[in-house]
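Student: Please take a close look at one helix-helix packing in this model and then follow the chain outwards from it. I would like each criterion spelled out as you go.

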Amino acid sequence: MPTPPPTGPLVTRRSLAEGLRDLGVRPGELLLVHSSLSSLGWVCGGAVAVVQALLDALGPDGTLVVPTQSGDLSDPALWSDPPVPEQWWEEIRAAMPAYDPLVTPTRGVGVIPETVRTWPGARRSAHPQTSFAAIGPRAAEVTDGHAADCRLGERSPLARLEAAGARVLLLGAGYASCTCFHLAEYRIPAPRVAVGRPGPHGWEVVTEVSITSDRFDELGHDFERDRPVVRGRVGAATARLFPLADAVAYAERWLPVHRPREEDVREAGIRGEDIRANDVQKDIQGEDIAHPHG
C-alpha cells in the first residue's frame, strides 16, 4: 500500500522561530529545552530545522541546552523491555564501551537532542549517564565541571542553569521529561544507591542519590496551577515556558509531601497503612532503563 500523505500542518524553520518568539523565547537567554519532534507537525528539514529555529529565536548571544542522556551505559542486570540473559551480564559489563562525550549517542531523549549533540561547536558535559549538551556563548559555563558522581544535583549543569537564571521550554514534551525537578531530589532527604557503569578503566560502581521521574506529571500539573507558566502553540505542539529556579523551588516543597521516602513506605507497611506502589521511590536505572537494542 502507498504511504498516506502527511496530515499534520506544514512547519518550517521560519514558522517555528516565529512561534518561539511569540511564546516569549528571548534573544540572548539561556534555555533548557525538552522536545518532541513528532508533536510539532510535518517539519520541513526535521530536527535540523528545529535546532536552527531555536538558535534563530535565541540569537547569537543565546545558549541552547538539551539533555543528552545515555542511560544504556548501565548495569545489564537492571535492563528490561526486554531483559538480557543473566549469563550475558558479566561479558556485557566487561565489553561495554566507556562514555565518550564526542562519540556516545543519546538514548531515550529524542532526535532533537541527538542533533544538538552533533552540532558544530556543541559542548557536552562529562557525566556518563546524564550529560547535557549546549550550543552558544555560555555552553562551556553550563557543561564544564559535571561531576562523575552527581547525575543531576549541585555539581551538574542543572545547578549552573538555576544560578544563571535559565528558563525551561517544554516543546511538545510533558512534565515527566522535566529534568530540573531532579535537582530538588538532591535537596530533600533521599536514599543513596550503588550505580554500575563502564568507566575508563573497566566496570565501576559509584554511590549516587536515588532519582526517579515518578509523579513528575502530577508535580507539573500542580506547578502550572500555582505558578506562572507561559503556554502556547509552536507548530502543532503545546509548548510551556517557565523559569527553571521556580520549578526547582516548587518541587522542593512538593516532593516531600506527595512522594514518600522508601523508609516511610516500609514503616507504613509495618503499621498496616495503604501506600500505592508507585509512590515508592525507585532509582532511575531500575525504573527507566530498557534493553539498549530493544
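Tutor: Helix 8 (216-226) and helix 9 (244-258) are oblique to each other, because their axes cross at roughly 125° and angles under 35 degrees count as roughly parallel, over 145 as roughly antiparallel, 65 to 115 as roughly perpendicular and the rest as oblique. This is a predicted model, in which local features need pLDDT of at least 70 and side-chain atom pairs count only at pLDDT 80 or more, whereas totals for chains, interfaces and linings use all residues. Residues are numbered from 1 along each chain as its sequence is written, and side-chain values use heavy atoms, with hydrogens and water left out.

The axes of helix 8 and helix 9 come within 10 Å; such axes are lines fitted to C-alpha atoms, for helices over the stretch in contact, with angles running from 0 to 180 degrees between N-to-C directions. Helix 8 passes helix 9 in a right-handed crossing (right-handed if the near helix is turned clockwise from the far one by less than a right angle, left-handed if anticlockwise). On the helix 8 side, the contact (heavy atoms within 4.5 Å) is made by Glu 218, Leu 219, Asp 222, Phe 223, Arg 225 and Asp 226, and on the helix 9 side by Asp 246, Ala 247, Tyr 250, Ala 251, Trp 254, Leu 255 and His 258. By class, this contact has 7 nonpolar, 1 polar and 5 charged residues, where Ala, Val, Leu, Ile, Met, Phe, Trp, Tyr, Cys and Pro count as nonpolar, Asp, Glu, Lys and Arg as charged, and the others, Gly among them, as polar.

The buried residues in helix 8 are Phe 216, Leu 219, Gly 220, Asp 222, Phe 223 and Glu 224 (buried is under 20% relative accessible area, exposed over 50% and partly exposed in between, with a 1.4 Å probe and protein chains only). Besides helix 9, these buried residues pack against helix 7 (180-185), strand 10 (230-234) and strand 11 (237-243); helices here are DSSP runs of H or I with at least four residues, and strands are runs of E with at least two, numbered from the N terminus.

Arg 215 is placed in the loop that runs between strand 9 (202-209) and helix 8. Most residues other than glycine have a negative phi. Arg 215, which is not a glycine, nevertheless has a positive phi of about 75°, and its 13% relative accessibility makes it count as buried.

A second helix pair can be described in the same terms. Helix 1 (residues 13-23) and helix 2 (residues 46-58) pack at an angle of about 45°, with their axes 8 Å apart. That angle makes helix 1 oblique to helix 2, and the crossing of helix 1 and helix 2 is right-handed. From helix 1, Arg 13, Leu 16, Ala 17, Leu 20 and Arg 21 meet a set of helix 2 residues that includes Ala 49, Val 50, Ala 53 and Ala 57. The contact of helix 1 with helix 2 has 8 nonpolar, 1 polar and 3 charged residues.

Val 50 also leads to helix 4, for Ile 112, placed in helix 4, is in contact with Ser 35, Leu 37, Ala 47, Val 50 and Val 51, leaving aside its neighbours within four places in sequence. Ile 112 is buried, with a relative accessible area of 2%, and its C-alpha atom is separated by 8.8 Å from that of His 34, 78 residues apart along the chain.

In the loop between helix 3 and helix 4 lies Thr 106, which is buried at a relative accessible area of 15%. Not counting residues up to four places away in sequence, Thr 106 touches Thr 68, Gln 69, Glu 114, Arg 117 and Arg 124, while Thr 130, 24 residues apart from Thr 106 in sequence, is 9.5 Å apart in space, C-alpha to C-alpha. Gln 69, in the loop between strand 4 (63-67) and helix 3 (89-95), is buried with a relative accessible area of 17%, and its contacts beyond four places in sequence include Thr 106, Gln 129, Thr 130 and Thr 179.

For the chain as a whole, the secondary structure comes to 11 helices and 11 strands, and buried residues make up 50% of the 294 residues. Among contacts with a separation of 6 or more, 71% join residues 24 or more positions apart.
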